[in-house]
Amino acid sequence: MPAKLGEILLKQKLITREQLQQAIDYQMSRGGRLGRALVELGFVTDDDVTAALSRQYGLPAANLNELEVDPNVIKLIPMETALKHQVLPVNRVGSSLTLVMADPTNVFAMDDVKFMTGFYVEPLVASETAIIEAIRKHYGSAEDVERKREIDDLVSFIEDDGAGSLELEAEEEGTLDLASLEKAAEEAPVIKLVNYILTDAVRQGASDIHMEPYEKEYRIRYRVDGLLQNVMNPPLKLRDAITSRVKIMAKLDIAEKRLPQDGRIMMKMMHHNKKKQLDLRVSVLPTLHGEKIVMRLLDKENLRLDMAKLGFEPESLEKFQKAILKPYGMVLVTGPTGSGKTNTLYSSIAQLNKEDTNIMTAEDPVEFQLPGINQVQMKEQIGLNFATALRAFLRQDPNIILVGEIRDFETAEIAIKAALTGHLVLSTLHTNDAPSTISRLMNMGIEPFLVATSVHLICAQRLVRRLCLNCKVEDRLAHEALLDAGFTPEEARNARVYKAGTGCEACNKRGYKGRVGLYEVMEITDAIRELILVGASAIELRRKAIEEGMITLRRSGCIKVLSGVTSVEEIMRETVL
């Protein structure tokens, strides 16, 4: 009943006659309901449409963002039926089923639901957009439903086929029989399940797999584009069998359940009709209810070695490249774990990797093997740490040295001496921004004059999710909200910013696809050197660097929001003003 909804919105002065006609034309060409057309054109909000529908049909409106939906009630109606009729079951009391509908006059939908469930239907009203988004949230995408069915079938098969042999019991911690562990780990269903988890993680574009045992459940999560998401909950009795299988694959000691262990898995799989080699770094940690396993997927295809594609602003990239082309000195890349520091460093040495240059790296662990570069894996247990490797490097006639991380005074001291004696040193530190790196080095015990003379540039970085190009929508944020986020008054007035849409096939219904770096590049100029020598604080160094044109992490984020690459929400999550 488009005219009625349109008339209500006109009466409330939420739209004009011209906008209503434009929305009707848009609806005629694209299909769907008028309310959805009005929202997609940006004339009204979803809440406006829901309130108008409530008045139109004389039914209570449902706020699906705040409404608590019973997961058992969702199972009453298949996803295909919910999408076909644009309905969502939310609650059941006795023989009454509360059903949120986009069109409560649709008697066919109500009859279908009554016949399917045997319950009397009590309708609530919400907009088409809100219902479709809620269906995706509670049912998942069609692919998610298919994946869930695959997982359920696999787990059922394991339980039916070999539950008895897989159920391991131990009266006390550590009393499990080694032979039982090995037998359970080599059962065909367990091998199939673990292989499924690994290959599914690659298909989903995950960077890490978390296998977590709790008192009453066993949870498996993937980290996709920086955020963890739950993918399955295998039966708790499979915990030891799954753990042992992963440990066997990573060549770890399956009998050792009290100490942390680290290993590596190399395996081949078919992905997009081509052979793909998987390299997984495995970490096993004893927790209260069993061993937690985290696997980091190292995919060489995702390693971007072209610096121009990492996300640097042109002026920041120019400063960075100028620093790494110097014959000596130190360049530091800082940021938390998982912020892309390794990728930036590998991109730098890939650019410097020439026949006449000797490049040596000390890494813990070596994540990717790069041809033409001498990479050394640290082994703390035999005394091969960063400081020992650095000392040895200096006797190997290097031009460029990469130190995986500066963790202590000894490593910092040798790295700085190397930078002052004609070597280019690249390394990482865990600090929040570029200026605080100077304070961190001095807190380690390095003299200010050594820091001032050896360090040429510091680059702080973060990773934020990229908006999906196919389904991003305009974000109508208030002027004040944009000012608070760090935009200039002129940008806040004229900016067109975007946010994640409801999701599409291209982004697996997430609204985001891939990640991009935010960079804060601080060049150590003569003015900043003088401040370091007089013991200036990180705040004073930051002020001076901004004065000299440094783009901060937040500003780098704002630039990417203005160019439609990411959302305001993402930069607020990862950076501070």
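Contact is taken here to mean heavy atoms within 4.5 Å, and in this predicted model that criterion brings together A527, I528, L531 and I532 of helix α21 with E540, L541, K544 and A545 of helix α22. By class, the contact of α21 with α22 comprises 6 nonpolar and 2 charged residues, with no polar ones. The two helices, α21 spanning residues 526-533 and α22 spanning residues 538-547, have axes that come within 10 Å and cross at roughly 170 degrees. Because angles over 145 degrees count as roughly antiparallel, α21 is roughly antiparallel to α22.

Earlier in the chain, an open sheet of 3 strands follows the order β1-β2-β3, and its pairing is mixed. The edges are taken by β1 (87-93) and β3 (120-125), each of which has a single partner strand, so one side of each is left without a neighbour in the sheet. On average, and with direction ignored, neighbouring strands of this sheet are turned by 30 degrees against each other. Within the sheet, β1 and strand β2 (residues 96-101) pair in the antiparallel sense over 6 bridges, and L88 stands opposite V100 in β2. Helix α7 (residues 107-117) packs on this sheet, where it touches β1, β2 and β3, and its direction makes about 145 degrees with that of β2. Helix α8 (residues 128-139), in turn, lies across β1 and β2 and runs at about 65 degrees to β1.

A further open sheet is formed by 7 strands in the order β12-β11-β13-β14-β10-β15-β18, again with mixed pairing. Here β12 (374-377) and β18 (512-523) stand at the edges with a single partner strand each, so that one side of each lacks a neighbour in the sheet. Neighbouring strands of this sheet are turned by 20 degrees against each other on average, direction ignored. Strand β13 (residues 400-403) and strand β14 (residues 424-429) run parallel and are joined by 4 bridges, with I400 standing opposite L424 in β14.

Helices also pack on this sheet of 7 strands, among them α13 (residues 314-324), which touches β10 (329-334), β14, β15 (455-467) and β18, its direction making about 65 degrees with that of β18. Helix α16 (residues 409-420) lies across β10, β13 and β14, and runs at about 135 degrees to β10.

Terms used:
Residues are numbered from 1 along each chain as its sequence is written. This is a predicted model: local features need pLDDT of at least 70, side-chain atom pairs count only at pLDDT 80 or more; totals for chains, interfaces and linings use all residues. Side-chain values use heavy atoms; hydrogens and water are left out. Axes are lines fitted to C-alpha atoms, for helices over the stretch in contact, and angles run from 0 to 180 degrees between N-to-C directions. Angles under 35 degrees count as roughly parallel, over 145 as roughly antiparallel, 65 to 115 as roughly perpendicular and the rest as oblique. Ala, Val, Leu, Ile, Met, Phe, Trp, Tyr, Cys and Pro count as nonpolar, Asp, Glu, Lys and Arg as charged, and the others, Gly among them, as polar. Two strands pair if DSSP finds at least two bridges between them.
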